[in-house]
Amino acid sequence: MRLSDSRGFTLMELVVAMSLGMIVLLASFTVIDRAFITNKAVSDREDALARGRIALEQMTRQIRSMTCAGNNTPISLATDSEVDFYAYMGDPTKGGSLLPDLHKLTYDSTKKTIVETQYTVTSVNTTPPTVNATPYKNRTLLTNVVPVDANTPIFSYYTFDPDAAKGSGSFIELDRPAVAAADLPTVVKVSINYLTMPTGIKVNDPHSTTFQDDVFWRAIDPETPNAQPCSQGVS
């Protein structure tokens, strides 16, 4: 009985099989590489979006809670990189102090961070209010953050346009890089603008996310654009 032919592959068949195998492997590696890049891009975008949104919500909540500190204006300092203001975020029905706290939101261009600092106010019967020198809260709200562009500061401030019709909602931007002390009582809107980069990335890239929000001080009546509520005992 003759054994079956068992010569195996010819050289040509082996070369063709190897070529086909290499093509399949290269295609597989390409798919894996593109999937990794796409997954990294999605992860970076989600990272920048999540961190930036949380920080924006925390800042807008505080600024929206601004209040008069006695007859003192809610905002005590307003610059391109820092806003200091008095805000009450407690629950008066649960006891405790009814005095506001001094809040500071500061952008550090060197560290690319936005930091929140809070101080206890002990008296609003002075000008300025009496504030403890040591903050009771100091935390970084956001890292890897930069201005949207060279012409857009992190914080900008607006007042009602005195020449506009009452109730029209028209605003004019106040002085930069710092609002004059005499204009602080007229601030009715704080605009927040920044660009959040993914964690670990040191330069702007396509996966950075821009955030913008306008926060209105709810105590000012838009029907009286020239009103300064704190001097009138309104809070």
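**Figure 1. The largest nonpolar core of this predicted model, with its best-connected members.** In this predicted model, the largest nonpolar core brings together 34 residues. I75, Y157 and Y194 are the residues with the most contacts inside this core. Which residues does Y157 touch, once those up to four places away in sequence are set aside? Its partners are A78, T79, E82, V83, I172, E173, L174, V179, V187, K189 and V190. Apart from the largest core lies another core, of 6 residues, including Y86, Y119, V121 and V124. As general background, nonpolar side chains tend to be buried together in soluble globular proteins.

**Figure 2. The whole chain, as a map for the close-ups.** Let us step back for a moment to get our bearings. The chain holds 1 helix and 11 strands, and reading along the sequence gives the pattern α-β-β-β-β-β-β-β-β-β-β-β. Of the 235 residues in the chain, 37% are buried. The accessible surface comes to about 13900 Å², with 57% of that area belonging to carbon and sulfur atoms. If we take contacts between residues at least 6 apart in sequence, 58% of them join residues at least 24 apart. As for confidence, the chain averages a pLDDT of 84, and 82% of the residues score at least 70. Where in the chain is confidence lowest, and where is it highest? Helix α1 (residues 11-64) has the lowest mean, at 81, while strand β3 (residues 101-108) has the highest, at 97.

**Figure 3. The salt bridge between D80 and R176.** A search of the whole structure turns up 4 salt bridges, and this view shows one of them, formed by D80 with R176. The closest N and O atoms of the pair are 3.1 Å apart. D80 sits in the loop between β1 (75-78) and β2 (82-87), and R176 in the loop between β9 (171-173) and β10 (189-196), so the pair ties together parts that are 96 residues apart in sequence. Is D80 buried or exposed? D80 counts as buried because its relative accessibility is 18%, and the limit for that label is under 20%. R176, at 42% relative accessibility, counts as partly exposed.

**Figure 4. The salt bridge between E116 and R139.** Here the salt bridge joins E116 to R139, and the closest N and O atoms are 2.5 Å apart. E116 belongs to strand β4 (residues 113-123) and R139 to strand β6 (residues 137-143), so this pair ties together parts that are 23 residues apart in sequence. E116 counts as buried, at 1% relative accessibility, whereas R139 counts as partly exposed, at 34%. In general, side chains of opposite charge can pair when their charged atoms come close.

**Figure 5. The salt bridge between K189 and D214.** The side chains of K189 and D214 meet in a salt bridge, with an N to O distance of 4.0 Å. K189 lies in strand β10 and D214 in strand β11 (residues 209-216), so the pair ties together parts that are 25 residues apart in sequence. With 9% relative accessibility, K189 counts as buried; D214, with 26%, counts as partly exposed. You may recognise K189 from Figure 1, where this residue is one of those that Y157 touches.

**Figure 6. A nonpolar patch on the surface around L26.** What makes up this nonpolar patch on the surface? The members are M22, L25, L26, F29 and I32, which together have about 540 Å² of accessible area. L26 has its place in helix α1. This residue is exposed, with a relative accessible area of 52%. When looking at this view, please keep in mind that helix α1 is where the confidence in the chain is lowest, at a mean of 81.

**Figure 7. S65 and C68 in the loop between α1 and β1.** This close-up visits a loop that holds both S65 and C68. S65 is buried, with a relative accessible area of 13%. Setting aside neighbours within four places in sequence, S65 is in contact with Y86, A87, Y88, M89 and R218. One of these partners, Y86, is also among the residues of the 6-residue core. C68 counts as buried too, at 7% relative accessibility. How far apart in space are C68 and V124, which are separated by 56 residues in sequence? Their C-alpha atoms are 9.1 Å apart.

How values were computed
Residues are numbered from 1 along each chain as its sequence is written. This is a predicted model: local features need pLDDT of at least 70, side-chain atom pairs count only at pLDDT 80 or more; totals for chains, interfaces and linings use all residues. Side-chain values use heavy atoms; hydrogens and water are left out. A nonpolar core is a set of buried Ala, Val, Leu, Ile, Met, Phe, Trp, Tyr and Cys residues joined through side-chain atoms within 4.5 Å. Buried means under 20% relative accessible area, exposed over 50%, partly exposed in between (1.4 Å probe, protein chains only). Contact means heavy atoms within 4.5 Å. pLDDT is the predictor's confidence in each residue, from 0 to 100. Helices (H or I, at least four residues) and strands (E, at least two) are DSSP runs, numbered from the N terminus. Patches are made of residues with over 30% relative accessible area and no salt bridge: like charges are joined within 9 Å, nonpolar side chains (Val, Leu, Ile, Met, Phe, Trp, Tyr) within 5 Å. Accessible areas come from the Shrake-Rupley method with a 1.4 Å probe; for residues, only the protein chains shown count as cover.
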